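Reader: I've got the structure open, and I'd like to quiz you on the labels people put on things like this. Mind walking me through them?

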Amino acid sequence: MKNSINQPSQIVDFSASYATQVSQLYHTAVQGIEHPRYPKLKLDAWSLAPRSAKFWQLQYKRNKAWIALNKQQVIGFISLETHFNHQGYIDCLYVHPSFQNQGIASSLYQHLEHWAQQQQYPFVSVDASYLSRALFEAMGFALQQVSYQQKRGQTFTGFYMKKAL
């Protein structure tokens, strides 16, 4: 059953205390995909089991990430690479299946974009999936090229997109 909210109750910076919830949300969101382009083999290649909390803690030591909360429950997260070579690259955007299609992803993206503008990033980019491409197009991103990624013997098609800030 979908919860009836339009905005997360708050968006906060990632902290290590959220790592376990982020790990579970990531896995739940991936495994909850119901789309013909993503059969079970691909979903398992994408996320066979939740990653360790330590993985997410290390990942977000060098990147910037935000968490969407509903009360104290993590319902979504987004991250942006901040190191030189990939500065401004959106690494992850996931929303819990129970909270999808309620504006959570858009709110997270708008929060990220505001921060990136404050940092004077000239653009942001992303490798969007088939499922997230429309969201990024609605946010003003333009397709640069089709991309492909291999994971555990499965090929994932992506759409490298960019938006000038």
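Reader: Why is H1 called roughly perpendicular to H3?

Author: This is a predicted model, and in it helix H1 (residues 19-31) and helix H3 (residues 53-62) pack at an angle of about 105 degrees. Angles of 65 to 115 degrees count as roughly perpendicular, so H1 gets that label relative to H3. Their axes are 8 Å apart.

Reader: Which residues in H1 and H3 meet there?

Author: From H1 you have Ala19, Thr20, Val22, Ser23 and Tyr26, and from H3 there are Ala53, Trp56 and Gln57. Sorted by type, the contact of H1 with H3 has 5 nonpolar residues, 3 polar and no charged.

Reader: What makes up the largest nonpolar core?

Author: There are 25 residues in it, and the ones that touch the most other members are Ile78, Leu80, Ile90, Tyr109, Leu112, Phe136 and Phe141. At least two residues each come from strand E2 (63-70), strand E3 (73-81), strand E4 (89-95), helix H4 (104-118), strand E5 (123-128) and strand E7 (154-164). H4 gives the largest share of this core, 7 residues.

In soluble globular proteins, nonpolar side chains tend to be buried together.

Reader: What is Leu80 in contact with?

Author: Set aside its neighbours within four places in sequence, and the contacts of Leu80 include Asn63, Lys64, Trp66, Tyr89, Ile90, Leu112, Trp115 and Val124. A second, separate core has 24 residues, including Val12, Tyr26, Leu69 and Tyr94.

Reader: How do you know that Val12 is buried?

Author: The cut-off for buried is under 20% relative accessible area. Val12 has 18%, so it is buried. Val12 sits in strand E1. Not counting residues up to four places away in sequence, Val12 touches Tyr18, Ala65, Trp66, Ile67 and Leu69. Val12 and Leu43, on the other hand, are 31 residues apart in sequence and 28 Å apart in space, C-alpha to C-alpha.

Reader: What makes Gln154 count as buried?

Author: Its relative accessibility is 18%, and buried means under 20%, so Gln154 qualifies. Gln154 is part of strand E7. Leaving out residues up to four places away in sequence, it touches Leu41, Lys42, Ala45 and Gln149.

Reader: On to charges: why is the pair Lys64 and Asp13 called a salt bridge?

Author: The test is a side-chain nitrogen of Lys or Arg within 4 Å of a carboxyl oxygen of Asp or Glu. For the side chains of Lys64 and Asp13 the N to O value is 3.2 Å, so the pair passes. Lys64 lies in strand E2 and Asp13 in strand E1 (residues 10-13), so this salt bridge ties together parts that are 51 residues apart in sequence. Asp13 is partly exposed, at 42% relative accessible area. The structure holds 4 salt bridges.

Reader: What makes Lys163 and Glu113 a salt bridge, and are they buried or exposed?

Author: Their closest N and O atoms are 2.6 Å apart, and the limit is 4 Å, so they count. Both Lys163 and Glu113 are buried. Lys163 belongs to strand E7 and Glu113 to helix H4, so the pair ties together parts 50 residues apart in sequence.

Side chains of opposite charge can pair when their charged atoms come close.

Reader: Where do Arg133 and Glu137 lie, and why does Arg133 count as partly exposed?

Author: Both lie in helix H5 (residues 133-138), 4 residues apart, about one turn of the helix. They form a salt bridge too, with the closest N and O atoms 3.1 Å apart. Partly exposed sits in between the 20% and 50% cut-offs. Arg133 has a relative accessible area of 25%, so it falls in that class. Glu137 is at 39% and also counts as partly exposed.

Reader: What is notable about the phi of Asn101?

Author: It is near 65 degrees, a positive value in a residue other than glycine.

Most residues other than glycine have a negative phi.

Asn101 is in the loop between E4 and H4. Exposed means over 50%, and Asn101 has 79% relative accessibility, so it counts as exposed.

Reader: And how do you know that Arg152 is exposed?

Author: At 61% relative accessibility, Arg152 is over the 50% cut-off, so it is exposed. Arg152 lies in the loop between strand E6 (142-151) and E7. Its phi is near 45 degrees, again a positive value in a residue other than glycine.

Technical notes
Residues are numbered from 1 along each chain as its sequence is written. This is a predicted model: local features need pLDDT of at least 70, side-chain atom pairs count only at pLDDT 80 or more; totals for chains, interfaces and linings use all residues. Side-chain values use heavy atoms; hydrogens and water are left out. Axes are lines fitted to C-alpha atoms, for helices over the stretch in contact, and angles run from 0 to 180 degrees between N-to-C directions. Angles under 35 degrees count as roughly parallel, over 145 as roughly antiparallel, 65 to 115 as roughly perpendicular and the rest as oblique. Contact means heavy atoms within 4.5 Å. Ala, Val, Leu, Ile, Met, Phe, Trp, Tyr, Cys and Pro count as nonpolar, Asp, Glu, Lys and Arg as charged, and the others, Gly among them, as polar. A nonpolar core is a set of buried Ala, Val, Leu, Ile, Met, Phe, Trp, Tyr and Cys residues joined through side-chain atoms within 4.5 Å. Buried means under 20% relative accessible area, exposed over 50%, partly exposed in between (1.4 Å probe, protein chains only).
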